[in-house]
Amino acid sequence: MKRFLSASAMLALAASILGAQTALTIDKAVESALANNVSVERAQIAYDSLGRKSGNAWNILIPSLDAGAGVTHMTVADSNSYYGSFSATLGITPAVIKSIEKAKLDYAAGAITRETAFRDVELAVRKSFYGLLYERDYVTLVEANVATAQKQYEQTLARQRAGLVPEVDLLSAAVTLENLKPTLESARTAFENDQASFKRLVGLDQTAAITLEGSLEDAAGISAIDVSAIGSSAPAVVKLEKSLEIAKVQRDAIAIGLRTPTFALAYVYKPAKTDAAGSDWENSGYISASATFALDSFIPVSQDAETIRSARDSVKDVEIQLADARVADRLNRESLLRSIARSRAAIKARTLGVTLAERNYALTEDAYRNGTKELLSLQSASDALESARMSLKNESYALLGAVLDLEYAVGVPFGTLGR
């Protein structure tokens, strides 16, 4: 899949060089990011590293091997002695089992970290995508306002020349038009800057020309949401749950390692020979087995005893963090649900407000054209229509963002709640 997506990105770059544009839906943008984003690649590398460590955790049972050779020159006897050496040693404690178990848990925790990194990137892509839609619509709206202001200026100019309106109305129309132009340039600049950041996020070349296929009107189709039946799957909670498992295993491994015997096996082989006449190789070596039992950990004020207590404290600390994270998750859910309910209600009101503002502007424009309304009334109606449209888009963007945050918090696939 990754190779295919990378090829797609290359094709997109080639198309941009040729002047074509790459159409991106929100799902295609996510696919591109999961294939090319730097954070995703780093998370995968870290996960693969933990996988190797977990798969090779048993290597703690492999003996330590050493080999060597040397020569010694005796100056008095003017002779040389030669030797070789080979040794194999192995130390085993009951804590070995816990060490292997911890490696497995670290790997499982790595899977959670990787999945969280993937969801972080996907959340960022989806929110950035909707953010660009909002900015694109804002640019379009300001462009429309500029066109309307231009039209008002031309109408006022014609009426002023006909002696129907005073010169101050013409000046007012010109000021309104000129004030909108910097606003338009600022909106375009912000859109271009955020679009560049979006390309970096999804792993596209900055020279790629893209178009976004989507609409903030998706918010209108979001229904009421109930997550009461969904368990706590917030990334912070899930990671802390696994961290608690690891801390408990680490605590047990430390206690077992310091309060149980250490068994050691050793094999040493060391042949030696001198260059004296008739000297043969002499083989020496030994095999040993021993068991040692450290007593320091049973002394309350010893460093080993403090190490055990610190491991226990670490478990308690993670337990406190986990309990607090669960409370925070519940509060976050409730807050997001309230925000979603408020935005849904607000969108209905904002939609009616846009309909009313459009009707009022149309009537005011006709009245101004017929000479029964002043320019100030027309400009006020235009401002009211602009404000109504932007309020609706802003509320739609807020609702989509809140739903994405809730989907992230409860751990369900993006694009499922409220659809």
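The following exercises, each with a worked solution, concern a predicted model.

**Exercise 1. The span of helix α4**

Determine how the reach of helix α4 compares with the span expected at 1.5 Å a residue.

Solution.
1. Helix α4 covers residues 95-161, a total of 67 residues.
2. The expected span is 1.5 Å times one less than the number of residues, which for α4 gives 99 Å.
3. From the first C-alpha of α4 to the last, the model gives 96 Å, close to that expectation.
4. Beyond the helix, α4 is followed by Gly 163, which has a positive phi near 75°.

**Exercise 2. The nonpolar cores**

Identify which residues touch the most other members of the largest nonpolar core, and which elements supply that core.

Solution.
1. The largest nonpolar core has 61 residues; those touching the most other members are Val 125, Phe 198, Leu 212, Ile 225, Leu 406 and Leu 417.
2. Two or more residues of this core come from each of α2 (26-36), α3 (38-55), α4, α5 (167-202), β4 (210-212), α7 (303-370) and α8 (375-410).
3. The greatest contribution to the core is that of α8, with 14 residues.
4. Taking Ile 225 as an example, and leaving aside residues up to four places away in sequence, its contacts are Leu 337, Ile 340, Val 403, Leu 406, Leu 417 and Gly 418.
5. Another core lies apart from the largest one; it has nine residues, including Ala 234, Val 237, Leu 240 and Leu 322.

**Exercise 3. Salt bridges within and between helices**

Among the 23 salt bridges found in the whole structure, examine the pairs Asp 106 with Lys 102, Asp 137 with Lys 393, and Glu 358 with Arg 389. For each, state where the partners lie and whether they are buried or partly exposed.

Solution.
1. In the pair of Asp 106 and Lys 102, the closest N and O atoms are 2.9 Å apart. Both residues belong to helix α4 and stand four residues apart, so about one helical turn separates them. Asp 106 is partly exposed at 22% relative accessibility, and Lys 102 is partly exposed at 24%.
2. Asp 137 and Lys 393 meet at 3.3 Å, N to O. Because Asp 137 lies in helix α4 and Lys 393 in helix α8, this pair ties together parts that are 256 residues apart in sequence. Buried means under 20% relative accessible area; Asp 137, at 15%, is therefore buried, whereas Lys 393, at 24%, counts as partly exposed.
3. For Glu 358 and Arg 389, the closest N and O atoms are 3.4 Å apart. Glu 358 is in helix α7 and Arg 389 in helix α8, so the bridge ties together parts 31 residues apart in sequence. Glu 358 is partly exposed at 35%, as is Arg 389 at 28%.
4. Through shared partners, salt bridges also join Lys 98, Glu 101, Arg 251 and Asp 252 into one network.

**Exercise 4. Aromatic rings**

Classify the ring pair formed by Tyr 47 and Tyr 107, and locate charges that lie over ring faces.

Solution.
1. The whole structure holds six aromatic pairs.
2. The ring centres of Tyr 47 and Tyr 107 are 4.9 Å apart, and their planes meet at 20°. Planes under 30 degrees apart count as stacked, so this pair is stacked.
3. Tyr 47 lies in helix α3 and Tyr 107 in helix α4, so the pair ties together parts 60 residues apart in sequence.
4. Tyr 47 is buried, with a relative accessible area of 14%, while Tyr 107 is partly exposed at 29%.
5. Elsewhere, ring pairs link Phe 129, Tyr 130 and Phe 198 into a cluster.
6. Arg 119 lies over the face of Phe 414, 4.5 Å from the ring centre; Arg 259 lies over the face of Phe 298, at 5.0 Å.

How values were computed:
Residues numbered from 1 in each chain as written. Predicted model: local features only at pLDDT ≥ 70, side-chain atom pairs only at ≥ 80, totals over all residues. Heavy atoms only, no water. Core = buried A, V, L, I, M, F, W, Y, C linked by side-chain atoms within 4.5 Å. Buried < 20%, exposed > 50% of the residue type's maximum accessible area, 1.4 Å probe, protein only. Contact = heavy atoms within 4.5 Å. Salt bridge = Lys/Arg side-chain N within 4 Å of Asp/Glu carboxyl O. Phe/Tyr/Trp six-rings, centres within 6.5 Å; stacked < 30°, edge-to-face > 60°. Lys NZ or Arg CZ within 6 Å of the ring centre and 35° of its normal.
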